[in-house]
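This report goes through a two-chain model, beginning with the contact between the chains and ending with single residues and one helix.

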2 protein chains.
Amino acid sequence: MTPQDTPEKSIPLKIIPLGGLGEIGLNMTVFEYDGVILVVDSGLMFPEDYMLGVDIVIPDYEYLRENKERVAGIVLTHCHEDHIGALPFLLKDIPAPVYATPFTIALVSHKLEEKDLLSRVDLHKIKPRESFSIGPFHIEFVRASHSVVDGVSLAIRTPAGLIVHTGDFKITHGQLDDEATDVSRLAQLGEEGVLALLSDSTNAEKEGYTLSESEIGATLEKAVRDSSGRVIVALFASNVPRLAQIVNIAAKTGKKIVFNGRSIEVSMRIAQELGYINVPPGMQIDVSEVKNYEDNEVLLVTTGSQGEPMSALARVAAGAHKQIKIRDGDTVILSSKFIPGNEKAITGIINNLYRRGAEVIYEKISAIHVSGHAFREELKLMMHLTRPRYFMPVHGEYRHLLHHARLAEKVGIPKNRILLAQNGNVINFMDEVGWIGESVDTGRTFVDGKGIGDVGRKVLKDRRALSEHGMVVATMVLDFDTGVVIYGPELLSRGFVFEDEKGHLLQDAQCVIMDAVEQLDLSGPDRIPLIEAATQQALRRFFNYVIRRRPVIVPLVLEV
Amino acid sequence: MTPQDTPEKSIPLKIIPLGGLGEIGLNMTVFEYDGVILVVDSGLMFPEDYMLGVDIVIPDYEYLRENKERVAGIVLTHCHEDHIGALPFLLKDIPAPVYATPFTIALVSHKLEEKDLLSRVDLHKIKPRESFSIGPFHIEFVRASHSVVDGVSLAIRTPAGLIVHTGDFKITHGQLDDEATDVSRLAQLGEEGVLALLSDSTNAEKEGYTLSESEIGATLEKAVRDSSGRVIVALFASNVPRLAQIVNIAAKTGKKIVFNGRSIEVSMRIAQELGYINVPPGMQIDVSEVKNYEDNEVLLVTTGSQGEPMSALARVAAGAHKQIKIRDGDTVILSSKFIPGNEKAITGIINNLYRRGAEVIYEKISAIHVSGHAFREELKLMMHLTRPRYFMPVHGEYRHLLHHARLAEKVGIPKNRILLAQNGNVINFMDEVGWIGESVDTGRTFVDGKGIGDVGRKVLKDRRALSEHGMVVATMVLDFDTGVVIYGPELLSRGFVFEDEKGHLLQDAQCVIMDAVEQLDLSGPDRIPLIEAATQQALRRFFNYVIRRRPVIVPLVLEV
């Protein structure tokens, strides 16, 4: 490959990850050539423990807002929230046309409709092996197997060269043919010459291959056949390949099937419309009809496999579900991963289900789930198929990116052509050479209720403090003219100590405040801040000494 | 085994688990015969996510307080916090004599000394295969291998029969002879006739055998030899078998060793005094001397393997440790389990260490740790050795207990002799027959600062609410005689929204309050509660509508 002296070649292609590198979630990558911007994915992240009260997190895409008029299109690789969850926010700011596969478009339409955004946006359905152009970018969809249907990798042809972005993928064999990763097309791209491969790093620590979906199917079928009572399968609503298997198993075992919960219903409706799942006539029943059938005639599909406290499964486990009460002989199958951070919630539900007499089947004791992300052997296969000049690990925490980069080196990609980038880095490609250049600002934006970005470090710090030891408000009213205390100190607390213990403690605290205030010189004009500071300090010391707690202390001194 | 008609036989032996059944932690079991009470273990639990601000959790042992004068002794099986952490609290209420192995006693002494309790308590050192009596109980210690030294199972001889309580154990071969589980003695007890086996259920879901400690040693040694820079090993301070291995590896590879952190120092001091570990002269150096040696001459042992934010390891990872700055070539080994709930904190540290250039070795990518709790094959071996008439799974969540009970059934223990009990159940044994009888009250007591049990559901609910959307205090002062508002409404918030956004929002909220108050009839004597309720309701609606948040609203109406 020798650089040719065409005019296009002297303009660099820029790739700028705005999210997803150094974290799981927030996937969003900018491709920029000759002033035209293409955005790949627009994902969210669920809040971490310390982000108290935050509903969701989205990437800080200030860079896109600043260059709004240059954004020519948004391409989505698949329908998971960490790839499409920030889209409604992004589209409100930048209503660029969106390109994705039919299933992803259908799900996105549903979301946008709920937020009254649908009419403002152009949505384009593209099938695998189809191509389309956005400015100087010529994009082809390549089928990628994942724990959804209609996932794709992207072949992005640019004047600077061909980039392959894998999206989320795995390469296992033995599953439904239509949904298998299109290795032939990847191999053809490799023959054509790939300038850079951006590849999913999620499982770069995992040796070997992912189990195939059909092996899971066999385990699932056995569990369904073994159950003498009702069967409840909990999974992610977007896992259409798994839903299809469950429908097949229900058909084979002659069970009626119930789809419980809104997100499953949406997913099933779209999957049936697009022909991914065929529910035989008469097989599907409503949850209200369950009582008309024998226990072993019913299979119920629901969400809540992550222990979400408001889910149908959590209500079943707590004995609070209207239609479904667990009985001896029932079997509950959690057909999904224990996502780190959710373990306690999930095992809490498992314990409750066992207590109610159910048999419970979950990944710790049975091969009931398989990851949607390639393991190391598959990652190597992806490199072998595409034979890229440059390699850039994406989609993962730093450790995943690093292990993926090392794997690429093992496979024979020279170290100086492995680009271990982070969010905000501008990766340039020009004349067949790639390098990490300067950076743009990125970060995370917290969404709390209707507020976008109005919760930051200070607010979270206050919430943390309030969460640990509650708060105490100490009120005093002074006479405006004389400065004499005419009311208080009155103390009021929340989340601090039990009501019965409080009286005594807060009475003592009143005396402490009065002692502290007595020693102040209140003749100056700054008596209010003086009293507030003294109250704050006296109470902090007193509570720390007596009960070793540090509530948030709010002194409130007024003059009337 | 035929029941004999001796007078003793007609008194039931009672076993009452006060904690540890249906949960990991809080281990505490009461043995009661003819009015005499023996307590086995007194453990704590670290708070779960929803227990905001709680420092530790201890069992609610009201039953023991009520029967204080009948408590004749406390036996500890080993030195982990989930077995001894509640001891200082228990001893303050009930200063009964304590019996344990030398290492456990040494560690307990250290703890009690710190709390000024040591002089009030009789501590008795008992070695494995030694026996002692507490009232009608004749107790023998039987060596049990675990991730500590000096762990024991208990053979408790009572007039009603012989009970074996395993404590925490595993049975693997190939480790240091002295610390291996005493299978011969267990077999002898089995020959003698065991009425009931109470056995550790932690890993009842795990197939096969635990890896042996010596296999871990080989992996550790390779990692140490492979490092071109300094080696940092992080582990639990109480894991003396692992510490011993690390000292051996340091000696073999000719490295200087540093023990960093107070708990490691205490553990090493006791382990050396008791002869469990021999540090060759001149090998140990202080952390301040590290700089005098080449990088590859130093091995540093520290805690923080669970991602604890204040630990030395967290400071090293954040680049904030005074003496230790990570350089390329350094290796950090996390030689412990990823405890569920801590995953994110641990992987955060791993990512930071990688970013600073360290090689990082952890259980996800290397066999660098082994559980201290028996897997299923070992659990079966324990049953085969002791051949108990009754079996009672202990130490685990409900799912663990259930799987363990099922395993016992598989091994051939009849279902009606498997006692799947829960905390508070009174398990009776008389005339060779065991049954679960009535229950006593148990539960969990939250310790927050110096407060024991003064944080409950209401306080936690308030803290939760405060943590999610912060709080808003709305103050108004009325004239006592006329009821006219002479000050306010004044609004003050914490943890609610950004300062810059607040002005506008809170101004609008003031108007909302005034509108609401205007419509009230304030002529009656109850004007204060009326205004407070109206303020509360108006603000709740307003904030929910405008920003969809539900801060804790504290209305404060005063009259002067």
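A salt bridge is counted here where a side-chain nitrogen of Lys or Arg lies within 4 Å of a carboxyl oxygen of Asp or Glu. By that rule, 6 salt bridges cross the interface of chain A and chain B. The model is a predicted one.

## Interface and symmetry

One of the pairs that meet in a salt bridge is A:Arg406 with B:Glu359, whose side chains are 2.6 Å apart, N to O. Polar contacts across the interface of chain A and chain B come to 30 residue pairs, with both residues at pLDDT 80 or more. On the side of chain A that touches chain B, at least two residues each are supplied by helix 10 (343-355), helix 12 (398-411), helix 13 (457-469), strand 23 (471-478), strand 24 (485-494), helix 15 (527-547) and strand 25 (552-559) of chain A.

The size of an interface is often expressed as the accessible area lost when the parts come together. Between chain A and chain B about 5900 Å² is buried, and carbon and sulfur atoms give 59% of that area. In terms of residues, 65 of chain A are in contact with 65 of chain B.

How is chain A superposed on chain B? A rotation of 180° with 0.0 Å of shift along its axis does this, at an RMSD of 0.1 Å. Such a relation is that of a two-fold axis. The same surface serves both copies, since 100% of the contact residues of chain A recur in chain B. The residue of chain A that comes closest to the rotation axis is A:Ser467, with its C-alpha at 2.3 Å.

## Annotated binding site

An unreviewed UniProt entry carries the annotation "binding site" for A:Ala237, A:Ser238, A:Asn239, A:His369, A:Val370, A:Ser371, A:Gly372 and A:His373. Two of these residues are described here. A:Ala237 is placed in the loop between strand 13 (231-234) and helix 7 (240-252) of chain A, and A:Asn239 is likewise in the loop between strand 13 and helix 7.

Is A:Ala237 buried or exposed? A:Ala237 counts as buried because its relative accessibility is 12%, with under 20% as the cut-off for buried. A:Asn239 also counts as buried, at 4% relative accessibility. Apart from neighbours within four places in sequence, A:Ala237 contacts A:Leu243, A:Ser263, A:Ile264, A:Ser267 and A:Thr303.

## A buried loop residue in chain B

B:Gln306 belongs to the loop between strand 15 (298-302) and helix 9 (312-317) of chain B. With a relative accessible area of 6%, B:Gln306 is buried. Not counting residues up to four places away in sequence, B:Gln306 touches B:Phe236, B:Ser336, B:Lys337, B:Phe338, B:Ile339, B:Asn342, B:Ala345 and B:Ile346.

## Backbone features

In chain A, a cis peptide bond joins A:Gly488 and A:Pro489, with omega about 0°. A:Pro489 is found in strand 24 of chain A, one of the elements that supply at least two residues of the side touching chain B. In chain B, the peptide bond from B:Gly488 to B:Pro489 is cis, with omega near 0°, and B:Pro489 lies in strand 24 of chain B.

Two loop residues that are not glycine have a positive phi, as listed below.

| Residue | Phi | Loop | Relative accessibility |
|---|---|---|---|
| A:Asp431 | about 50° | between strand 19 (425-430) and strand 20 (433-439) of chain A | 30%, partly exposed |
| B:Arg129 | about 75° | between strand 7 (123-125) and strand 8 (131-134) of chain B | 45%, partly exposed |

## Helix 11 of chain A

Which residues of helix 11 (residues 376-386) of chain A are buried? They are A:Arg376, A:Glu378, A:Leu379, A:Met382, A:Met383, A:Leu385 and A:Thr386. An α-helix has 3.6 residues a turn, so residues three or four places apart point the same way. Among the elements of chain A that cover the buried residues of helix 11 are strand 11 (161-165), helix 5 (183-192), strand 12 (196-200), strand 18 (390-394) and helix 12. Helix 12 of chain A also supplies at least two residues of the side that touches chain B. Just after helix 11, A:Arg387 takes a positive phi of about 35°.

Definitions and conventions:
Residues numbered from 1 in each chain as written. Chains lettered and ligands numbered in written order. Predicted model: local features only at pLDDT ≥ 70, side-chain atom pairs only at ≥ 80, totals over all residues. Heavy atoms only, no water. UniProt positions renumbered as here; feature names shortened; annotations may be inferred. Helix = DSSP H or I, 4+ residues; strand = E, 2+ residues; numbered from the N terminus. Buried < 20%, exposed > 50% of the residue type's maximum accessible area, 1.4 Å probe, protein only. Contact = heavy atoms within 4.5 Å. Least-squares fit on C-alpha atoms with pLDDT ≥ 70 in both. Buried area = accessible area lost by both parts, 1.4 Å probe. Polar contact = N/O pair within 3.5 Å; in protein donor to acceptor, adjacent residues only side chain to side chain.
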